[in-house]
Amino acid sequence: MDDLVREIATKHAVDPELIERLVEFERAKVHLQRRRGAKDELRAIIERRLEDVEERES
Amino acid sequence: MSFHFRSIRLKDWLVYGGETELRFPEFQDGRNLVVVNGQNGFGKTSLLRALEFVFHGRDKRPELIELWNEKARAKGEGTLEVALEFLHGGHVCKLVRGADFKPWGNTVAVTPWVKLFIDGTEDDRQVPDKIEQLLPKECLEFLFFDGAEISRYAQKHQSGGVRDAIEKVLGIPAVRNLRDDLGGLVGALEDEQERLLSATGNAAQLSADIESLKVEEETYTERRADLVERKAALESTKRELEAEAEGIDAIERERNELEEKRRRRATLEERHRELDAQIQQLVSRAPLYLLEAPLRQIVEQSRAQQTPSVRRDRQQAQLQVLRQILEDAKCLCGRDVDHDLERRLTEEVNRLDELAKASGARTAGTTGDLVDLAATVRTLATDRQDGEEIIDRRATVAMQMEEIDTDIDRLRKELEGHDLVSVKELYEQIGVITHQLRELAANIASVDENLARIARDREVKQRERDKLGAGSDQARGVTRTLAETRKVHAAVTEYVERLIEEKRAGIEDCATEIFRMITNKPDEYEAIRLRPDYTLEVLRKDGSVVENEKLSAGEKEVVAYSFITALNLSSVDPAPFVMDTPFGHLDAGHRTGLLHSLPRLKVQAILLATDRDLPPNERDAINGSIAKEFVLRRDQQRALTLIEEC
């Protein structure tokens, strides 16, 4: 994993893997002229991550 | 190595008539070079164009007809095709692009097509987007480049298109999109939360407060952007003025040097005149010097001849002889002395008697005159200077004058066309700008303080509103997502800024390393600097910037090559590097340096070279890095080019 991502994620109390996942998602879309639904997909990724964390904690 | 070419097959493509294929070797560490040798007109650039075409070829009919092999074109029907097989992200990809040509009345109908196969299966959905993902169109120019055009990357200003392409190679747009999308998502979630909480407690008031803070934040953010832009513009102006002042400083130094040379020349001219006068004086006195020696000799002889005993004896002898003749009345020849002869002899005897009496005083007078004259000549001759030495000195002075004239001429030419802007005036302007920059920095700091205050206030209000959201499951869910999204957004915002800085620093370091390997002036040039707009600058050892215009065409090529290589190595997904005759303006030193830098690329590097680009001794130097070598052979009978392994 990118050291810079890890450092910044730690500073902002965010899971570095979540950032990596989001960047990966955007990379797959960057060449598209129209990125319809990108925000919804990002939200879904974040919510899925939160659910996973909740599951682990419970 | 995740991305490299395995083969390229050409069918009726430009000079490659019929079908021909080039199978690239598997990449081995340290042997990344593939050399394709070919003479001018044998198809090196056609090969480069085939690679460009297969990824991002255009569908325009006239262009496709132009690309179709001439011989095939003459038949009026057929297919043009370029097929590239490559490894990418662990997949075997095959990209085939071409066009079918069929007679249509008096003309030819053209049907372009493109096919993409991944791991042997055709993928026919959104093929252009997938190709763009594999290799963005804007990045092509950084990967497949023509040596003749390379130096344009070392331009003073990069166009917007080039800047976008550079950022694309670095993978920045994706992260920037993420930041913007997350910002949008935060806004959408806040709206949703507001809707869900509108009937709860003082949620409406909190939302209004947050909205007001947002508006204030936007105002400050805009103001900050404006200040930052003005600061950047002023900094740029300051840099330009400093460079100009430095240039004027140099001009003033040259002007002073010219004045000093002129003064020195005037002094030398004066000295030359003095020496000239001395030489003239010497020349005018030459007869004196010439006279001295013979005169001395005459004086000595005169003295010797005019001693009293010799003179008396001679006169007495003459008188005795004459008196004897008169007495004998007979001449020495035996003839009788007649009256006339007797008279003449008597006169002569009387004359000699007279002479004998007067000779003492007269001889003393003549010798005395000669002695005086010799003394005068000697006196004049004693202050004589060494003529040869003076002539030598005059020649030295003349030589120094010539040297100074050359310097004066050079300085005059260098100073031609420079106006007399006072450097003091420029430094005054720089002083004003420095003051303005300090004020702008203070304003930015003040805006930042306000933004930080707004962020704190917003956070407090948002927390209060988030607490209200604990009421319903839906509101709780939205609030939780919102809180997480805000954190991620803040993290990604910082990531974008840091990533750009990190990439830029990485490119600078890498480009500098390569540049210093290649440049002929490693003791003069220190580094390559990449400005925020991706413009390149060469820095001297003392940190000053080498003006772009002062770099030679060859040096610009080296700067551009170093940058492109560094960019490739900093890319998210380094792609093969194809160079068509990259040594246009390079001298032997630069060429050797560039060749030695190629194995460091760590990507497949394909070098399309003429015999002039890669002479045998230079080729031997990189022999250990060459994976495979090909040669383009021209079959002139069949008017087509074939690719053969060496």
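Which strand of chain B does B:Glu85 lie in? A few notes on this predicted model follow, starting with that residue.

1. **B:Glu85 and its neighbours.** The answer is β4, the strand that covers residues 78-88 of chain B. B:Glu85 has a relative accessibility of 19%. The cut-off for buried is under 20%, so B:Glu85 counts as buried. Leaving aside residues up to four places away in sequence, its contacts are B:Phe5, B:Arg6, B:Ser7, B:Val92, B:Cys93 and B:Lys94. If you have the viewer open, B:Cys93 is a good next stop, since the list for B:Glu85 includes it.

2. **B:Cys93.** This cysteine sits in strand β5, residues 91-104 of chain B. Is B:Cys93 buried or exposed? B:Cys93 counts as buried because its relative accessibility is 3%. Apart from residues up to four places away in sequence, B:Cys93 touches B:Leu84, B:Glu85, B:Phe86, B:His88, B:Phe117 and B:Ile118. Among these, B:Glu85 is the residue of point 1, which lies in β4. There is also a distance to look at: B:Cys93 and B:Glu122 are 29 residues apart in sequence, and their C-alpha atoms are 9.6 Å apart in space.

3. **B:Ala374, in a helix.** For a helical counterpart, please turn to B:Ala374, which belongs to α11 (residues 339-382) of chain B. With a relative accessible area of 9%, B:Ala374 is buried. Its contacts, not counting residues up to four places away in sequence, are B:Leu295 and B:Val299. B:Leu295 is 79 residues from B:Ala374 along the chain, yet the two C-alpha atoms are separated by 6.1 Å.

4. **Chain B as a whole.** The residues above belong to a chain of 646 residues, of which 42% count as buried. Chain B has 17 helices and 15 strands. What share of its contacts with a separation of 6 or more joins residues 24 or more positions apart? The figure is 72%. On the outside, chain B exposes about 34,300 Å², and carbon and sulfur atoms supply 49% of that area.

5. **Two loop residues with positive phi.** Most residues other than glycine have a negative phi. Two residues of chain B are worth a look with that in mind. B:Gln126 has a phi near 45 degrees, which is positive although the residue is not glycine. B:Gln126 lies in the loop that joins β7 (121-122) to α4 (127-134), and its 54% relative accessibility means that B:Gln126 counts as exposed. The other residue is B:Ala639, with a phi near 55 degrees, again a positive value outside glycine. B:Ala639 is found between β14 (626-635) and β15 (640-645), in a loop of chain B. At 34% relative accessibility, B:Ala639 counts as partly exposed.

6. **The largest pocket.** The volume of the largest pocket is about 1,200 Å³. Its lining comprises 27 residues, and those closest to the centre are B:Glu217, B:Arg458, B:His489, B:Ala490 and B:Thr493. Which elements give two or more residues to this lining? They are α7 (172-197), α8 (203-284), α13 (423-468) and α14 (473-518), which are elements of chain B. Sorted by class, the lining has 13 charged residues, seven polar residues and seven nonpolar residues.

7. **Chain A.** The partner chain has 58 residues, and 38% of them count as buried. Chain A has three helices and zero strands, so the order of its elements from the N terminus is α-α-α. Chain A exposes about 3,700 Å², with 41% of this supplied by carbon and sulfur atoms.

8. **Where the chains meet.** How many residues does each chain bring to the contact? Chain A gives 29 residues and chain B gives 31 residues. Between them, the two chains bury about 2,900 Å², and 64% of this area is on carbon and sulfur atoms. On the chain A side, A:Leu4, A:His31 and A:Arg43 supply 21% of the area that chain A buries against chain B, more than any other three residues. Those three residues are a handy place to begin when you view the interface from chain A.

Notes:
Residues numbered from 1 in each chain as written. Chains lettered and ligands numbered in written order. Predicted model: local features only at pLDDT ≥ 70, side-chain atom pairs only at ≥ 80, totals over all residues. Heavy atoms only, no water. Helix = DSSP H or I, 4+ residues; strand = E, 2+ residues; numbered from the N terminus. Buried < 20%, exposed > 50% of the residue type's maximum accessible area, 1.4 Å probe, protein only. Areas by Shrake-Rupley, 256 points an atom, 1.4 Å probe, with all protein chains shown as cover. 1 Å grid on protein atoms, 1.4 Å probe; cavity = no way out; pocket = protein on both sides within 12 Å on 5 of 7 lines; lining within 4 Å. Points joined across faces, edges and corners; volume = space filled by probe spheres on them. Nonpolar A, V, L, I, M, F, W, Y, C, P; charged D, E, K, R; others polar. Contact = heavy atoms within 4.5 Å. Buried area = accessible area lost by both parts, 1.4 Å probe.
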